[in-house]
Amino acid sequence: MDVADVVDYQAVLEEVAAAVQPLVGRGQVADYIPALAEVDIARFGMAVADIDGGVYGVGDWQRPFSVQSISKAFGLALVLAEGGDKIWDRVGTEPSGNPFNSLVQLEYENGIPRNPFINAGALVVTDRLQTLTGDASTTMLEFLRAESGNPDVSFDAAVAKSESEHGDRNAALAHFMASYGNLDNPVPTVLEHYFWQCAIEMSCRDLALAAGFLARHGLRADGSRLLPRREAKQINAVMLTCGTYDAAGDFAYRVGLPGKSGVGGGIVAVIPGRCTLCVWSPGLDARGNSVAGVAALDHFTTLTGWSVF
Ligand code: DON
């Protein structure tokens, strides 16, 4: 297939939505956070935001859902923006090859998580953002409101509560890292801000717009610079290699883009220099990534020829 310079985004989105419709409803909704299990598995939405702020969508693209681990990409960006690259002394940049909530590597690797997108790494990033700002989750919420242009972006308190009540695995990760001196703030503070950031609700439209700085090489929606170009490149690279956990190889093979998934069923993907994509469908595969969502991104890059490869 030839690579197109210009595409009719709306037509491509409609073609993608039709192609993946048979997969919508496949997989399982996340149920280890009980509030997420209440979501309708038959939802599907997808949005594209171009680097100039134009936004297109299909299906449930304006319906808010729980961003969950997609928040980890924004947390990393805010920490790099506020505190520079010192974070890389405390978290690595290698894929883990293990599930997102795995404990197993942490002891072998002295409490330093493999990357910022597995839960252990995200807890370290949240800890750093808390130190830098004094209120990690509110800092993230305000950033997401500004970048999406939607002042109604908000926390879902029921999801945050549910996650906190069923948060033993994350608490174990946090305490274990604290025992190695890799958290600066008290474990309950870090967990609280991490759970609240995961419980932010946004639509595909909001998320595609909010991630635009990754396609604009670090420039925010208002044209100001959030990150040096080099750091935007680094986030995209870590999203490509680690953003979908132990499925990152398969995601790169099928989609060929930096991507960050969440167990709410959303995935954000970046086409540097062109646009950002967000797809949502709550049915997850065994590794916690949306079944229809990955297929939709695969169709999108196949139709347009716009992968990074
Ligand atoms: O900490 C957790 O387990 C969830 N708040 C987020 C996990 C997640 O979204 C993994 N992504 N696919």
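These legends describe close-up views of a predicted model.

**View 1. The shell around the ligand.** Twelve named positions can be traced here in sequence order. The ligand is surrounded by Gln68, Ser69, Phe100, Asn101, Asn119 and Glu163, and also by Asn170, Cys198, Ser261, Gly262, Val263 and Gly288. By class, 8 of these residues are polar and 3 are nonpolar. The shell has 1 charged residue.

**View 2. Positions listed in the UniProt record.** The unreviewed UniProt entry gives Ser69, Asn119, Glu163, Asn170, Tyr194, Tyr245 and Val263 under "binding site". In the model, residues around the ligand include Ser69, Asn119, Glu163, Asn170 and Val263. Two of the listed positions, Asn119 and Glu163, have their own views below.

**View 3. Asn119 in helix H4.** Asn119 belongs to helix H4, which covers residues 119-133. Asn119 is buried, because 21 other C-beta atoms lie within 10 Å. Away from its sequence neighbours, Asn119 touches Phe100, Asn101, Asn170 and Leu173. Among the residues that surround the ligand are Phe100, Asn101 and Asn170, along with Asn119 itself.

**View 4. Glu163 in helix H6.** Helix H6 spans residues 157-165 and holds Glu163. Glu163 has 24 C-beta neighbours inside 10 Å, so it counts as buried. Beyond four places in sequence, its contacts are Ile33, Phe195, Cys198 and Ala199. Cys198 and Glu163 are both among the residues around the ligand. The UniProt entry, which is unreviewed, lists Glu163 for "binding site".

**View 5. An open sheet of 3 strands.** The strand order is S3-S5-S4, and the pairing is antiparallel. Strand S3 (65-66) and strand S4 (154-155) each have a single partner strand, so one side of each is left without a neighbour in the sheet. Strands of a sheet pair through backbone hydrogen bonds. S3 is joined to strand S5 (residues 200-202) by 2 bridges. Ser66 has Glu201 in S5 as its bridge partner.

**View 6. Leu227 in a loop between helices.** Leu227 sits in the loop that links helix H10 (212-215) and helix H11 (229-242). Is this loop residue buried or exposed? Leu227 counts as buried, because it has 21 C-beta neighbours inside 10 Å. Its contacts more than four places away in sequence are Ala77, Leu80, Ala81, Phe213, Gly218 and Ala232. Pro258 is 31 residues from Leu227 in sequence. In space, the two are 17 Å apart, C-alpha to C-alpha.

Key:
Residues numbered from 1 in each chain as written. Predicted model: local features only at pLDDT ≥ 70, side-chain atom pairs only at ≥ 80, totals over all residues. Helix = DSSP H or I, 4+ residues; strand = E, 2+ residues; numbered from the N terminus. Buried ≥ 20, exposed ≤ 12 C-beta atoms within 10 Å, placed from the backbone. Contact = placed C-beta atoms within 7 Å. Near = placed C-beta within 6 Å. Nonpolar A, V, L, I, M, F, W, Y, C, P; charged D, E, K, R; others polar. Pairing = 2+ DSSP bridges. UniProt positions renumbered as here; feature names shortened; annotations may be inferred.
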